[in-house]
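The following report describes selected local features of one model, with the terms explained where they are used.

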Amino acid sequence: MHGTLDAPSLSPDPDEAELIAARPFLSRSALDGLLLEGVPLAAIADALGTPTYVYSAGTIRARYAAFTEALAEAGVAAHVHYAVKANDHLAVLRLLGGLGAGADVVSGGELARALVAGIPPERIVFSGVGKRAEELARALEAGIGQINVESAEELFELSEIASGLGLTAKVALRVNPDIDARTHAKITTGLAQNKFGIPASDIPALYARAAAMPGIAPVGLALHIGSQILSLAPFRESFAVLGALGRALRAEGLPLSRLDCGGGLGVSYRNEPAPTPAGLAGALAGAFRGLEVELLLEPGRWLLAPAGLLLASVVRIKPGSERPFVVLDAGMNDLIRPALYEAWHGIVPLAPAAGPVGPVDIVGPICESADTFATARPMAGLAPGARVAILDAGAYGRVMGSAYNARPCAAEAMVEGERWAVIRPRPPLAALWEDERVPDWL
Ligand code: LLP
């Protein structure tokens with residue numbers, strides 16, 4: 001199973017009409033071409049140029065509502081802590097924070113972003129294997145709601161830091177349940193050989209020690225087994241481990257009020273079947289029935305991926321030995337998922353396609369063969385100057401971007417209804433080197 005992410009099955013690629021039909025906020029008008037909500041994407045491409053990320057605020061709202069309603073309908077008392085790493089733009093954080101979401105952060109930088117966006121510190125959870133002492137201190141001083149501790153070493157260090165500051169850290173111990181999330185190996189985090197969490201067998205003794213440590217208030221357990229998980233079975237298996245540990249701690253008389261069940265719910269990039277929030281809610285209800293705890297969830301991709309796309313233009317069509325290359329002005333520096341995880345993203349032209357459909361390789365301008373968005377993709381009507389939308393790029397898109405090949409990062413815009421706004425202009429070329437210093441002995 002650990003081969004390709006969003007694994008293309010043997011079924012044919014969905015065509016343009018199927019891709020649009022499966023995405024409620026995308027539509028095609030004869031006059032305006034592809035629309036995101038009520039905004040013609042060509043208007044944004046005309047104004048900002050390409051490559052440009054565009055996010056749909058309406059989609060983020062609708063997905064947050066669908067996620068939280070599924071939990072409520074299953075009678076699951078769970079709070080959503082949006083995984084900031086999926087898309088850390090302040091506008092996204094402001095939107096989700098305003099809807100009531102908390103945040104899951106993994107660095108001092110993400111913590112600062114969440115606070116700047118107005119997410120209350122008590123609604124922020126801090127995860128990660130490599131939190132530095134100054135990041136832990138800053139989180140405690142900010143009044144953070146929970147720190148998910150990933151090792152005994154981190155727990156001892158946190159106890160010293162918190163007691164030194166005269167503060168108490170609310171701590172969840174992150175369990176490594178040794179369960180295979182059946183996703184791409186690079187985003188699997190719950191196997192024993194992965195760097196994440198504490199082995200389940202070590203939890204009871206460490207939790208008891210935590211309860212007696214100065215500056216530490218253990219509040220519960222946490223778990224996150226991977227990302228882009230496409231079946232409920234790994235969730236059920238890992239929640240069973242978490243529930244059993246929780247019950248064992250309670251039986252010892254230890255305080256336990258929260259279980260943080262992480263993120264990982266996958267989305268359908270191609271047309272692969274994907275679990276739903278209702279399915280996840282059912283798994284939660286089944287696993288933790290009778291154990292009166294507050295549940296936390298840390299979804300990132302599910303809320304954001306389908307809410308964003310990357311606009312790009314065709315630079316030229318170059319004949320290839322097997323198929324033509326369609327060379328875009330967006331590259332792997334803008335969207336690295338295909339290069340890093342062999343991820344499949346739908347690609348749809350903004351203007352209705354014309355002409356015969358034939359397989360093409362869709363590539364970027366970067367000097368590596370990894371810079372490929374799609375191989376043997378059936379496409380019609382792409383000519384130099386044509387513009388396309390690379391779909392489902394709202395999560396792990398711009399946040400993983402770089403300026404490799406001295407290419408300024410993509411611009412960003414947000415739409416809602418019929419209005420749109422620039423939320424980050426394309427940086428000028430000179431910004432690429434403005435913070436560089438050349439030693440005066442050169
Ligand atoms: N919580 C923790 C502790 C995490 O490490 C992650 C993601 C999440 C929550 C959110 O997971 P999600 O719901 O988004 O699956 N760059 C990769 C994905 C890396 C995910 C890392 N951790 C990609 O583009 O597929």
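Which side chain of opposite charge is nearest to Arg63, and how many Å away is it? This is a predicted model, in which local features need pLDDT of at least 70 and side-chain atom pairs count only at pLDDT 80 or more, while totals for chains, interfaces and linings use all residues. Residues are numbered from 1 along each chain as its sequence is written, and side-chain values use heavy atoms, with hydrogens and water left out.

Arg63 belongs to helix α3 (residues 57-73), where helices (H or I, at least four residues) and strands (E, at least two) are DSSP runs numbered from the N terminus. The nearest side chain of opposite charge is Asp392, 7.6 Å away, and Arg63 is buried yet without a salt bridge. Buried means under 20% relative accessible area, exposed over 50% and partly exposed in between, with a 1.4 Å probe and protein chains only. Lys and Arg count as positive and Asp and Glu as negative, whereas His and the chain ends are not counted; a salt bridge requires a side-chain nitrogen of Lys or Arg within 4 Å of a carboxyl oxygen of Asp or Glu. Leaving aside residues up to four places away in sequence, Arg63 touches Val267, Trp302, Leu303 and Pro306, contact meaning heavy atoms within 4.5 Å.

In helix α6 (residues 133-142), the buried residues are Glu135, Leu136, Ala137, Ala139, Leu140 and Ala142. The elements that cover them include those tabulated here.

| Covering element | Residues |
|---|---|
| α5 | 108-116 |
| β7 | 124-126 |
| β8 | 146-149 |
| α7 | 152-165 |
| β9 | 169-176 |

Just after α6, Gly143 adopts a positive phi of about 85°.
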